[in-house]
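Here are some questions and answers for a reader meeting this structure for the first time. The model is a predicted one.

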There are 2 protein chains.
Amino acid sequence: MKAGDAGKRHMTRVVAKFGGTSVGSPERIRHSASLIKAASDAGEQPVVVVSAMAGETDRILGLAGEFSAGLGDRECDVALAAGEQVSAALMALALRDLGLEARSIMGWQAPVITKGPFGGASIDGMDVEVFEALMAQGIIPVLAGYQGIDTDAQIQTLGRGGTDLSAAALAAALKARCDIYTDVDGVYTTDPRLVPEAQRLDAVSHDEMLELAAQGAKVLQPRSVEFAKAHQVPMRVLSSFAEPGKAEGTDIVAEPRIAERRLVSGVAYARDQARVALLGTDDCGDIAQKSFSALAQGQIGVDMIVQTHSRTPGVVNLEFSVAHKDLAAARERLEEALGETEIRWETGLAKVSVVGAGLRQRADIARSLFSVLGERNIEIKVLSTSEIKISALVENNAVERAVRALHAAYGLDQI
Amino acid sequence: MKAGDAGKRHMTRVVAKFGGTSVGSPERIRHSASLIKAASDAGEQPVVVVSAMAGETDRILGLAGEFSAGLGDRECDVALAAGEQVSAALMALALRDLGLEARSIMGWQAPVITKGPFGGASIDGMDVEVFEALMAQGIIPVLAGYQGIDTDAQIQTLGRGGTDLSAAALAAALKARCDIYTDVDGVYTTDPRLVPEAQRLDAVSHDEMLELAAQGAKVLQPRSVEFAKAHQVPMRVLSSFAEPGKAEGTDIVAEPRIAERRLVSGVAYARDQARVALLGTDDCGDIAQKSFSALAQGQIGVDMIVQTHSRTPGVVNLEFSVAHKDLAAARERLEEALGETEIRWETGLAKVSVVGAGLRQRADIARSLFSVLGERNIEIKVLSTSEIKISALVENNAVERAVRALHAAYGLDQI
C-alpha cells in the first residue's frame with residue numbers, strides 16, 4: 001500500500017478526451033477504455049472526458065428541431081447534454097469491466113461553470129475537488145464533456161468542439177497533460193489523402209496548431225488549443241483506433257521547445273472560398289469597421305483581409321475571403337451596411353497556407369512562395385501573411401498541385 | 001394584469017404526468033402539450049412531469065447491458081436519467097410552441113432527494129422553491145420524472161412506475177391534484193378487452209385502486225397511489241389520446257366520498273399464477289417466517305397466503321400463490337431455506353379478485369362469490385380475503401368466464 005501511494009504521487013496526470021467516433025458504439029467504448037487501461041498500466045493517472053456517442057447530438061438536435069428550436073435555445077442545451085450523460089456512464093462501466101474503478105461526473109456535478117450564450121457557452125471556471133477526491137481513492141473520474149451550468153444552475157453546452165474545451169480546461173485545473181483521442185493518429189504536415197508524402201509531426205507549437213486548424217486542418221478545434229496555449233497545457237493528439245499502448249500521436253507544446261527545429265510545419269488548405277472586394281469612397285475611413293461588424297453579427301468568418309488605398313484620396317479597395325457557403329449571407333449583410341459601396345466577388349477559389357513558427361524570422365518565405373507557385377503557373381489571387389503563416393488564394397482546381405509543390409519545396413516530404 | 005394575477009391565486013394546481021407512450025414521438029409530445037394548453041385555458045395551473053420517450057429506457061438499458069451492468073448499478077442510473085432529460089426539454093419546447101412559457105427541471109435541479117438502492121430509490125424529499133418561483137412568473141415547470149439525487153449528489157432512478165411517483169410527490173408538495181395521463185381513459189370495472197360491458201369508473205378510492213393494481217389492473221403503479229393515499233393527494237387517470245379539453249378519466253380520491261356508493265368497484269385478474277403448498281412439521285412455528293424471508297430476498301412477490309394447522313400438533317400446511325414466471329426461483333429459494341419440508345405446486349392457474357371499499361362491512365360477499373363461481377362449475381383452488389378484496393385462484397382457462405360472471409353478479413355491467 002505504501003509503495004503504491006508513493007508511486008501515485010509521481011504519476012503523470014493525463015486527461016484523455018474521446019470524441020463521438022471513439023465512443024460511437026459499445027465496441028468502440030470498450031476499445032477506448034482499453035487505451036485508458038494501457039495508460040494506467042504504464043504508470044499514468046488518467047481522467048477521462050467524453051463526447052456523446054456519434055450521431056446522438058444530431059439525433060437530439062433533430063428532435064428539438066421538430067419544435068421550432070435550434071442550437072442556442074436553453075431547452076435544446078438541456079436535451080443535448082443528455083448525450084454526454086449516457087456516454088460518460090457507459091465509459092465508466094467499460095473501465096470497470098477492465099478492472100479499473102471509475103465514476104461518471106456530469107457538468108453540474110463538478111461543477112463546470114459556464115457563461116455566454118446557450119449552445120455556445122464558454123467555460124468560466126471548474127471545481128476539481130470531486131476529481132481530486134476520486135483520484136485520491138484510485139477511482140478514475142469520467143467527465144461528461146461539452147456541458148456545464150451557468151451561475152443560475154441552468155445547463156449549457158459549449159458549442160462545436162466543446163468536449164475538447166472541457167478536456168483542456170480540466171487538464172489546466174488538474175495540471176495534467178491533455179490527450180485528445182480522435183480518428184487520426186496525429187497532426188500531419190498536410191492532408192495525407194492529398195499528398196501521400198505527408199508526414200506525422202512529433203510536435204507542433206500551440207500557435208502552429210491554431211494556424212493549421214484555422215487554415216483547414218480538422219484535427220482539433222481552435223478553442224481548446226487557444227485555451228491550452230493560454231493556460232500552458234501540453235496536449236497530445238492520438239488515435240483511438242490504435243492498439244492499447246501503441247498510440248504515438250503529435251505533441252502540441254509551448255513554442256520554444258520546437259521553434260528552431262523547422263521552418264515550416266505544415267501546409268493546410270480549404271476549398272470553396274470566395275474573394276470579396278469592396279470599392280468605394282471612404283471619407284470617414286469606416287468601410288472596414290462597418291463591414292466587419294456587419295459580418296460578425298451574421299457570424300460569418302472572414303479571412304485574408306487586404307486593404308489598399310488608391311492614389312485618389314479617400315478611395316479604398318478592401319478585399320477579404322469568406323467560405324463560399326457564407327457568400328450569399330455576406331453579400332446581403334454588406335449591401336445593407338454599406339449602401340453605395342461597390343461589392344465584387346469571385347468564387348471557385350481555394351486557400352493554401354504555409355504554417356510554421358520559423359516563419360517569424362523569415363520574411364523571404366513570401367517571395368519563395370510566389371516563385372514555387374509561379375513556376376507551376378498557379379495564379380495567386382490574393383496573398384496575406386500573419387506572424388507564422390502565409391496564405392494564398394488560388395483556383396479550386398489548382399489546390400492539389402499547390403499543396404504538393406509547397407509541401408515538397410519546404411522540405412516536408414521527408415522530415 | 002391585475003385581474004389575471006387575482007385569477008391566478010384561485011387557480012387549481014394540477015401536476016400532469018405523461019408516460020412514455022404520451023411523449024413517444026414529437027407528434028405525441030405536441031398532442032400532450034395541447035392537453036396542458038386546454039387545462040391552462042380552462043383556468044387550471046399546470047405543472048408537468050414526463051417519462052422518457054417510449055423505448056428510450058430499454059435502449060439505454062440495452063447499452064448498459066453491454067458492459068455487465070444492469071438496473072441497480074450507479075452508472076446505469078446516470079445513463080437512464082438522460083432519457084427523461086431529453087423528453088422534459090422537448091415538452092418545454094412543445095409548450096412554448098403553443099404560446100405557453102415553460103422550463104425543464106432535472107431531478108438534481110429541484111432537487112428531488114432520493115434514498116435507497118440505485119435503480120429503485122424512493123423519494124425522501126422534494127424542494128419546490130424553483131417550481132413556485134417559475135409558477136409565480138407564469139412559467140410552466142416541466143420536471144424530468146423517474147429521477148433524483150441522493151444526499152451525496154449522485155443521480156438515482158426510482159424504478160418501475162417512478163415517474164408516477166415523481167408526479168405524486170410533486171403534487172403533494174405543491175398541494176396540487178395529480179393527473180396521470182396514460183393510454184387508457186380511466187379505471188374500468190374490469191378489463192374491457194375481456195368484458196365488453198366493462199364500465200369506466202368516475203371515481204375509486206386510493207385503497208380500491210391499490211387493490212385493483214395489485215390484482216392485475218395495469219393502469220397505475222401501486223407506489224404512486226400509496227404515496228398519494230399517505231399524503232392525501234387526489235389523483236385522476238385520463239387518456240393522453242383524448243382531444244384537448246375532452247379528457248374525462250377516473251378520480252382516485254380519499255375513501256369517504258365514494259365508499260357508500262358501490263359495494264364492488266371492480267373485478268381484476270392475473271393469469272399464469274402458481275399455487276405453492278408447504279407441508280411439514282413446524283415445531284418452532286417458523287416455516288412461514290423462513291419461507292417469506294427467503295422469497296423476499298429473491299424479490300419474489302407472494303400473494304394469497306393461507307395457513308391451516310392440521311389436527312396433529314406441530315404439522316402445518318402453508319399455501320400461497322406466486323406468478324408462474326417466479327415459480328422456479330421460488331422453489332429453489334424454498335428448498336434451500338426449508339430443507340426437509342415438502343414443497344408441492346400447481347401451475348396453470350389464474351387469480352380473480354373482487355375489489356370494493358364496500359366489502360368492509362359485508363363478510364357475506366365471500367359466500368356469494370363461492371355460489372357465483374360454483375353455479376358455473378368453476379373450481380376455487382384457494383380463496384383469500386383482505387379488507388376490501390376477495391381473491392380466488394381458478395384454472396387459467398376459466399378466468400374469462402369467472403370475470404364475466406362476477407362482473408355481472410355484482411352489478412358492474414351497468415353503473
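Q: In which loop of chain A is the place of Pro234(A)?
A: Two elements of chain A bound this loop, one a helix and the other a strand. The helix is H8 (222–230) and the strand is E11 (235–239). Pro234(A) is therefore placed, with its 18 C-beta neighbours inside 10 Å, in the loop between H8 and E11 of chain A.

Q: Does Pro234(A) count as buried, partly exposed or exposed, and why?
A: A residue is buried with 20 or more other C-beta atoms within 10 Å of its own, and exposed with 12 or fewer. Pro234(A) has 18 such neighbours, so the class is partly exposed.

Q: Which residues is Pro234(A) in contact with, leaving aside its neighbours within four places in sequence?
A: Sequence distance does not rule out proximity in space here: Pro234(A) and Asp179(A) are 55 residues apart in sequence and 8.6 Å apart in space, C-alpha to C-alpha. Leaving aside the neighbours within four places, the contacts of Pro234(A) are Arg177(A), Asp251(A) and Val253(A).

Q: Which strands stand at the edges of the open sheet of chain A?
A: The sheet has 8 strands with mixed pairing, in the order E3-E6-E2-E1-E9-E11-E12-E10. On average, neighbouring strands are turned by 25 degrees against each other, direction ignored. An edge strand has a single partner, so one of its sides is left without a neighbour in the sheet. The strands in this position are E3 (101–105) and E10 (203–205) of chain A.

Q: Which residue of E6(A) does Ser104(A) stand opposite?
A: E3(A) and strand E6 (residues 139–144) of chain A run parallel and are joined by 5 bridges. In E6(A), the residue opposite Ser104(A) is Val142(A).

Q: At about what angle does helix H2 of chain A run to E2(A)?
A: Helix H2 (residues 26–41) of chain A lies across strands E1 (12–18), E2 (44–50) and E9 (177–182). Relative to E2(A), the helix runs at about 160 degrees.

Q: What distance separates the centres of domain 1 and domain 2 of chain A?
A: Domain 1 covers 2–183 and domain 2 covers 266–409. Taken over C-alpha atoms, their centres are separated by 38 Å.

Q: Which element gives the largest share of the side of chain B that touches chain A?
A: In this contact, 24 residues of chain B meet 24 residues of chain A. On the chain B side, the elements giving two or more residues are helix H3 (56–65) and helix H4 (74–97). The residues of that side divide into 17 nonpolar, 4 polar and 3 charged. The largest share, 12 residues, comes from H4(B).

Methods:
Residues numbered from 1 in each chain as written. Chains lettered and ligands numbered in written order. Predicted model: local features only at pLDDT ≥ 70, side-chain atom pairs only at ≥ 80, totals over all residues. Contact = placed C-beta atoms within 7 Å. Helix = DSSP H or I, 4+ residues; strand = E, 2+ residues; numbered from the N terminus. Nonpolar A, V, L, I, M, F, W, Y, C, P; charged D, E, K, R; others polar. Domains from an automatic or database assignment. Pairing = 2+ DSSP bridges. Axes fitted to C-alpha atoms, helices over the stretch in contact; angles between N-to-C directions.
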